[in-house]
Structures are given as structure tokens and as C-alpha cells.
Amino acid sequence: MGVTKTEIFTEQQNRIADLAKAFAHPARVAILQLLIARKACVCGDLVDELELAQATVSQHLKELKRIGIIQGEINPPRVCYCIKPPVWEEARQAFGSILESFEGVTCCN
């Protein structure tokens, strides 16, 4: 059986790619921006704020939780979401190290 594409990359490269998925869709970016702007857990109003279907918001929240960049607290009948600070910092450092490593020198004009 062949090697999966992710197996040929380092664990760090795979993690950075996974973190990048959090920012790879405008709805997820909007969710993250909303959570950051509120500076508190957000319960239930995401659908109203984003004007997206409940199922769509739920799918994006599920992906953000899978990546680990948000966390949810279950307070029946609601689930409240907020940024998970250690993972946010991990993403900030990972993207920063890549972006800062380019020194602006290129052979292309």
C-alpha cells in the first residue's frame, strides 16, 4: 500500500497545514473574528450574527474544534465557544516563523 500524502511531511508541517485550515474558509475566519471581538464565550448567536444556516455554522465550528483553535463549553441547551489561547499562540508562532523566514530576496521580478 502506498504512503499517504501527509506521511511524507514532518509532524510540524502537517500541524501547520491543519492550523491553516482554520483560516482557509471565510466563514471560519468570520467565526474566529467574532469570538475575538466578543472577548467572551459566545453562545448560540453565531447563526444570527453570520447570517448562515445553522448546519453550516455547526460544520465550521466542528472543524475549528477538531483543529483545537476553539473550545466549547456545554451548558444545556447551549454550547458556548471561545478561542483556545494555547492553540491560538501555537498558530501565531507557526505562521510567524514561516512568514518571518522570508528575507525578501528572490530571483523573480
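Begin by selecting F95, a residue that is partly exposed, with a relative accessible area of 23%. The model on display is a predicted one, and the tour proceeds from this ring to the helices around it.

**Stop 1: the aromatic rings**

Keep F95 in view and add F23. A search of the whole structure returns two aromatic pairs. In one of them, F23 and F95 are arranged edge-to-face, with 5.9 Å from centre to centre and 80° between the planes. The edge-to-face label applies because planes over 60 degrees apart fall in that class. Colouring by secondary structure shows where the partners sit: F23 belongs to the loop between α1 (11-21) and α2 (26-38), whereas F95 lies in helix α5 (residues 85-101). The pair thus links distant parts of the chain, its members being 72 residues apart.

Is F23 buried, exposed or partly exposed? F23 has a relative accessibility of 33% and therefore counts as partly exposed. Next, add W88 to the selection; ring pairs join F23, W88 and F95 into a cluster.

**Stop 2: α1 against α5**

Extend the selection from F95 to the whole of α5, and display α1 beside it. Two packed helices are described by the angle between their axes and the distance between the axes. For α1 and α5, the axes come within 10 Å and cross at roughly 110°. The two helices are therefore roughly perpendicular to each other, since angles of 65 to 115 degrees are classed that way. The crossing of α1 past α5 is left-handed.

To inspect the contact, show side chains for R15, I16, L19 and A20 on the α1 side, and for V87, E90, A91, A94, F95 and I98 on the α5 side. Sorted by class, the residues of this contact comprise eight nonpolar, no polar and two charged. F95, the starting point of the tour, thus appears both in the ring pair with F23 and in the contact with α1.

**Stop 3: α1 against α4**

Retain α1, hide α5 and select helix α4 (residues 54-67). Here the packing angle is about 155°, and the axes are 9 Å apart. α1 and α4 are therefore roughly antiparallel, as angles over 145 degrees count as such. Their crossing is left-handed.

Which residues make the contact? From α1, select R15, D18, L19 and K21; from α4, select E63, R66 and I67. By class, the contact of α1 with α4 contains two nonpolar, no polar and five charged residues.

Finally, centre the view on R15 and L19. Both residues take part in the contact with α5 and in the contact with α4.

Key:
Residues numbered from 1 in each chain as written. Predicted model: local features only at pLDDT ≥ 70, side-chain atom pairs only at ≥ 80, totals over all residues. Heavy atoms only, no water. Phe/Tyr/Trp six-rings, centres within 6.5 Å; stacked < 30°, edge-to-face > 60°. Helix = DSSP H or I, 4+ residues; strand = E, 2+ residues; numbered from the N terminus. Buried < 20%, exposed > 50% of the residue type's maximum accessible area, 1.4 Å probe, protein only. Axes fitted to C-alpha atoms, helices over the stretch in contact; angles between N-to-C directions. Parallel < 35°, antiparallel > 145°, perpendicular 65-115°, else oblique. Left-handed = near helix turned anticlockwise from the far one by under 90°. Contact = heavy atoms within 4.5 Å. Nonpolar A, V, L, I, M, F, W, Y, C, P; charged D, E, K, R; others polar.
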